2 protein chains.
Amino acid sequence: MSITVVGSVAFDTVETPAGRSERCLAGAATYFALSASFFTDVRVIAVVGEDFGPAEQSVFDAHKVDTRGIERAPGKSFFWQGSYLDNINEAKTLRTDLNVFAGFEPKIPAAYADSEFLFLANIDPVLQRRVREAMPGVKLVAGDTMNYWIKDHRPALLEVLKGLDVLLINDTEARMIAGNNNLVQAARAVMALGPRFLVIKHGEYGATLFHSSAPKAGGPEGRTFRAPAMPLERVIDPTGAGDSFAGGFFGYLASQPEPTPGAFRRAMFYGSVMGSFACERFGTERLQQLTRAEIDERFHAFRELTHLD
Amino acid sequence: MSITVVGSVAFDTVETPAGRSERCLAGAATYFALSASFFTDVRVIAVVGEDFGPAEQSVFDAHKVDTRGIERAPGKSFFWQGSYLDNINEAKTLRTDLNVFAGFEPKIPAAYADSEFLFLANIDPVLQRRVREAMPGVKLVAGDTMNYWIKDHRPALLEVLKGLDVLLINDTEARMIAGNNNLVQAARAVMALGPRFLVIKHGEYGATLFHSSAPKAGGPEGRTFRAPAMPLERVIDPTGAGDSFAGGFFGYLASQPEPTPGAFRRAMFYGSVMGSFACERFGTERLQQLTRAEIDERFHAFRELTHLD
């Protein structure tokens, strides 16, 4: 089944203890699309500027990603500059130029209308909602958000949450949305706002899948599931790890005949796998060069890392 | 096989968001011994004061813990007062009265000499080393330490590390010992100081087992193993969770005919299980009332929480 993703296609300049990368192809929709493309067909809705050339286009083409929904606008693409020199786990934003993204009006090609899966990457919740409403036929909708929207655009975000099946966020974002520091209680509060499934990402410690029908009496077990992350000896650039996780998670789910509990569990592992690959090179470099065989090899390594027998 | 543990038997007064507990029976050796007692025979070396009465003795007796190595000294037992009101994951120490612990000279009963396993709980590394050297016949030695010894007693601590097979510490302690923020690199540096096995505890995110012979070329997989922690809806008192983890981990290992890789993996799960129980009541209350059936039930819940099939 095919996934439509709406989000940013951008250029990033990133500094980490491993070095510096200038204007590499990035953006949440790019990471998501490349990651998911290893599992299923992906279609992108975004806007880029005149600096998005044949080299960038060829990255999407090489992964058979449908880019008919990427609008070319006069001006420059979204640009972000960040540094991880102080803390490899948290980017310090040095510069954000919205450029053509400032006036982004998502346009959905007619050919995308039969997508069964929709991913609303981290953008203005007003736009997320507009795309969600324009694609009423989708079977499963997942989304992401960030501290900025949680703090300053809460009413619009709450509208988006109502329409989500799956929300993927990190610990801090879950605690912020819920106003509760206990992760299990926060998860329950977030799911009460809409999403039936909640994936909370713990960075290098993995991720937890919560389900709103997890039996209260039985405690936190039930349908809760925890996938590991790989302890990485060398993190080159953590940018996009969360979007790559989402791409692996949602891409794998879309590749399955039914979103069964078992499929969700394996999807959590594939998410972790894709997130770990993303960190191994600057920008989307590692995802660009990846093979499905490498993905499955790491999937088995993760299994080995955490399974008793 | 039996375990001898040396460490503190103490009284704690603890405040958490869930309430306050006055002078409850605590101390690293107490948590460790009660936890390990569900798996194997445990013998304790410690010192207590005149405030350690029949009620406290009966807690050890009920778990068939050998207390012949607990010396009764004139004065009061070690007392600690802490608060988790600001941060449930990190205690703020309000008061530490060493009392009889100030002059602690571990005395090892002759009957303990045939212990195959030795656990050096978090005490002055000079004492840890003395006990280690007095028990040359043990097969497997594990130990713990804390930021205070790492910062201010490094030479003595390094001597202890040389004699350890297994070191159990948390992320911050591993990074402090190694002077390296990358956990995989820090693990390797710590193991280069002595212990062949290193268990790094990640609090609510579980724990990772590293082994010094993990193949470099194969990357971080190999013998690395990650056990989950249970997402807990309600943490009453996290004091002693690490010591309870150590008791479950080492107690289970000691109960096995051989410390095989499979036994180490299951031991990591049992450690996580015992750590999660410890948090459910103040002090050692939950461990006092626990049954082996509850332990095995949670072991299977942990398996369910993290296993794909």
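The two chains of this predicted model meet through the same surface, because 100% of the interface residues of chain A are also interface residues in chain B. How the copies are placed relative to each other can be stated as one operation: a rotation of 180°, with 0.0 Å of shift along its axis, superposes chain A on chain B with an RMSD of 0.0 Å. That is the relation of a two-fold axis.

With this arrangement in mind, we can turn to the enclosed space in the model. The count of cavities of 30 Å³ or more comes to one, and the largest cavity holds about 70 Å³ of space. Its lining draws on both chains, for it consists of Y205(A), R226(A), A227(A), P228(A) and T306(A) together with Y205(B), R226(B), A227(B), P228(B) and T306(B). Strand β13 (225-227) of chain A and strand β13 (225-227) of chain B each supply at least two residues of this lining. Sorted by class, the lining has six nonpolar, two polar and two charged residues.

A helix of chain A offers a good exercise in reading a structure side by side with its sequence. Which residues of helix α2 (residues 54-62) of chain A are buried? They are E56(A), Q57(A), V59(A) and F60(A), and because they cover an arc of only 150° around the axis, they sit on the same side of α2(A). The spacing can be understood from a general property of helices: an α-helix has 3.6 residues a turn, so residues three or four places apart point the same way. The face of α2(A) turned away from the buried side carries the exposed residues P54(A), A55(A) and A62(A). What covers the buried residues of α2(A) includes the strands β2 (10-16), β3 (19-26), β4 (42-48) and β5 (66-72), as well as the helices α1 (28-36) and α10 (285-289), of chain A. Just after α2(A), the backbone at K64(A) takes a positive phi of about 55°.

Two further residues invite attention to the backbone angle phi. N99(A), although it is not a glycine, has a positive phi of about 50°, and N99(A) is found in the loop between β7 (92-97) and β8 (117-120) of chain A. With a relative accessibility of 32%, N99(A) counts as partly exposed. In the other chain, R23(B) is likewise not a glycine and has a positive phi of about 45°, but here the setting is strand β3 (residues 19-26) of chain B. R23(B) is partly exposed, at a relative accessible area of 35%.

From these partly exposed places we can move to single buried residues and ask what surrounds them. G247(B) lies in helix α8 (residues 241-255) of chain B and counts as buried, at 0% relative accessibility. Which residues is G247(B) in contact with, leaving aside its neighbours within four places in sequence? They are F32(B), S35(B), A36(B), F39(B) and Y252(B).

In chain A, L127(A) has its place in helix α3 (residues 125-134), and with a relative accessible area of 10% it is buried. Once the neighbours within four places in sequence are set aside, L127(A) is in contact with F104(A) and P106(A). Although L127(A) and V6(A) are 121 residues apart in sequence, they are 9.0 Å apart in space, C-alpha to C-alpha.

The separation along the chain and the separation in space can also be read for F277(A), which is placed in helix α9 (residues 261-278) of chain A. F277(A) and K139(A) are 138 residues apart in sequence and 28 Å apart in space, C-alpha to C-alpha. F277(A) counts as buried, at 2% relative accessibility, and, apart from its neighbours within four places in sequence, it is in contact with R286(A), L287(A), L290(A), E294(A), I295(A) and R298(A).

A buried residue may also belong to a loop, as M230(A) shows, for M230(A) lies in the loop between β13 and α8 (241-255) of chain A and is buried, with a relative accessible area of 6%. M230(A) and P257(A) are 27 residues apart in sequence, and from C-alpha to C-alpha they are 28 Å apart in space.

Note on methods: Residues are numbered from 1 along each chain as its sequence is written. Chains are lettered from A and ligands numbered from 1 in the order in which they are written. This is a predicted model: local features need pLDDT of at least 70, side-chain atom pairs count only at pLDDT 80 or more; totals for chains, interfaces and linings use all residues. Side-chain values use heavy atoms; hydrogens and water are left out. Copies are superposed by least squares on the C-alpha atoms of residues with pLDDT of at least 70 in both. Contact means heavy atoms within 4.5 Å. On a 1 Å grid over the protein atoms alone, a cavity is a set of points where a 1.4 Å probe fits but cannot get out, and a pocket is an open set with protein on both sides within 12 Å along at least five of seven lines; lining residues have an atom within 4 Å of a point. Grid points are joined across faces, edges and corners, and a volume is the space filled by probe spheres set on the points. Helices (H or I, at least four residues) and strands (E, at least two) are DSSP runs, numbered from the N terminus. Ala, Val, Leu, Ile, Met, Phe, Trp, Tyr, Cys and Pro count as nonpolar, Asp, Glu, Lys and Arg as charged, and the others, Gly among them, as polar. Buried means under 20% relative accessible area, exposed over 50%, partly exposed in between (1.4 Å probe, protein chains only). The arc is that of the directions from the helix axis to the C-beta atoms.
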